[in-house]
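Please find below my note on the model, set out as numbered points. I have kept to local features that can be checked by eye.

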Amino acid sequence: MRVLLLGPYPPPHGGVETNLVAIRSFLLQRGISCAVINITRHRKTEGDGVYYPAGAFELLRLLFRLDYDVLHLHVGGMLSQRVLRLALTCTSVPRKKTVFTFHSGGYPSTPKAQLTGSHSFDGFVLRRFDRLIAVNQEIADLFLRLGVARERTRIIAPHAFSGGEDYMGELTEPLAGFIARHQPVLISAGQLEPEYDLKVQIEALGQLLLNQPNAGLVLLGRGSLEEELRGFIQAKPFSQHILLGGDVPHAVTMRAIYRSDAMLRTTLYDGDAISVREALYLGTPVIATDNDMRPSGVRLVPISDVNALSVAVSETLALSAGRPRETGIPDDTNLQAVLDLYRQLVPDLNDSDGQP
């Protein structure tokens with residue numbers, strides 16, 4: 001069996017990227033050939049079966065030139081016309097089985113999605129895939145509304161971190177120094193974008209500092225709000241207690257989450273965030289906006305409620321103080337489910353060499 005993954009490939013690391021890397025690693029460890037085509041503007045030197053096409057023509061050439069049996073497209077965010085055109089192209093390559101995974105927390109509830117039905121271009125394109133993977137029930141319901149047959153849809157949650165202590169990288173500056181100087185440390189591992197509602201975290205830190213004057217907040221990632229947030233932070237009298245950490249390697253992010261006392265996931269809309277599951281695996285308490293799909297063990301708060309977030313932070317820190325850290329058990333069930341789906345599509349092929 002030979003698999004070709006299309007989607008965002010790190011860096012930077014986000015939820016979709018983490019899931020794609022996990023699937024590829026899982027396949028390679030089992031002797032299954034797996035190449036990747038990166039479909040974002042972030043580029044690295046090609047090698048080790050990872051391709052970075054410079055444009056649509058080069059992407060098209062790779063789709064028709066590379067040798068694979070299953071093509072698996074991973075998409076986050078919105079079902080834009082650009083995404084749908086790419087999906088249509090993927091399903092037009094002859095003699096290939098195609099799989100589509102939609103990673104999106106907010107799209108099914110948007111006005112566009114609510115008004116889109118089975119007679120739409122969206123529905124026409126998605127019905128061309130042999131299988132569709134929804135990362136939650138809401139997306140599965142969207143597929144059904146677009147006319148996708150129920151038997152062709154699978155709900156498979158994204159894969160969370162399942163490595164051990166050796167997987168985590170060493171902290172780099174200024175992150176290492178900031179964490180060493182502050183106690184307790186709160187961390188956010190999203191992007192600096194409006195949907196992550198980061199100003200509410202900053203305001204909550206201000207309240208926490210009234211009782212814990214050495215507390216700190218780390219905001220990892222980059223995004224369109226970086227300069228606005230920098231100005232917002234600098235205007236605060238406690239700005240020295242906040243670090244805009246930028247993009248760091250995924251292994252360093254894992255170490256930073258592990259060293260933090262709580263992770264915050266405040267969002268205006270969100271899916272089944274991989275970073276939440278990673279933090280829980282590492283034994284770091286998580287406080288997150290309630291979106292009806294958080295895993296068990298997460299302390300839930302309402303959207304954009306500074307007081308509720310502040311109370312949740314204080315109570316969570318008090319409960320976890322002095323307790324031994326309990327890490328999770330590695331679980332590859334969702335990765336195995338993806339592989340089982342591939343095997344259903346190409347049952348006549350062996351995993352190792354793609355030959356009958």
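The points below deal in turn with the basis of the note, aromatic rings, backbone geometry, loop residues and a surface patch.

1. The model is predicted, and local features need pLDDT of at least 70, side-chain atom pairs count only at pLDDT 80 or more, while totals for chains, interfaces and linings use all residues. Residues are numbered from 1 along each chain as its sequence is written, and side-chain values use heavy atoms, with hydrogens and water left out.

2. The structure holds five aromatic pairs (rings of Phe, Tyr and Trp, the last by its six-membered ring, with centres within 6.5 Å; planes under 30 degrees apart count as stacked, over 60 as edge-to-face and the rest as tilted). One of them joins F100 and F129, a tilted pair at 5.3 Å centre to centre with 40 degrees between the planes. Because F100 lies in strand β5 (residues 97-103) and F129 in the loop between α5 (121-126) and β6 (131-134), this pair ties together parts that are 29 residues apart in sequence. Helices (H or I, at least four residues) and strands (E, at least two) are DSSP runs, numbered from the N terminus.

3. Are F100 and F129 buried or exposed? Both are buried, a word that here means under 20% relative accessible area, with exposed meaning over 50% and partly exposed lying in between (1.4 Å probe, protein chains only). The two residues also belong to one aromatic cluster, which is formed by F100, F102, Y107, F129 and F143.

4. Two lysines deserve a look for their placement over rings, a charge being counted as over a ring if NZ of Lys or CZ of Arg is within 6 Å of the ring centre and within 35 degrees of the ring normal. K96 lies over the face of Y68, at 4.6 Å from the ring centre, and the charged end of K199 sits over the ring of F232, 4.9 Å from its centre.

5. Most residues other than glycine have a negative phi, and most peptide bonds are trans. The bond from E173 to P174 is nevertheless cis, with omega near 5 degrees, and P174 lies in the loop between β7 (153-155) and α7 (175-181). The bond from Q183 to P184 is cis as well, with omega near 0 degrees, and P184 is found in the loop between α7 and β8 (185-188).

6. Positive phi values occur at R95, near 60 degrees, and at S304, near 55 degrees. R95 is in the loop between α3 (81-90) and β5 and is exposed, with a relative accessible area of 78%, whereas S304, in the loop between β13 and α12 (306-320), is partly exposed at 42%.

7. Which backbone atom does the side chain of N291 reach? The side chain reaches the backbone oxygen of D270 at 3.1 Å. N291 lies in the loop between β12 (286-289) and β13 (299-301), and counts as buried because its relative accessibility is 15%.

8. L171 is placed in the loop between β7 and α7 and is buried, with a relative accessible area of 16%. The C-alpha atoms of L171 and M254 are separated by 9.5 Å, although the two residues are 83 residues apart along the chain.

9. L268 is in the loop between β11 (262-265) and α11 (274-282), and is partly exposed with a relative accessible area of 42%.

Definitions and conventions: Polar contact = N/O pair within 3.5 Å; in protein donor to acceptor, adjacent residues only side chain to side chain.
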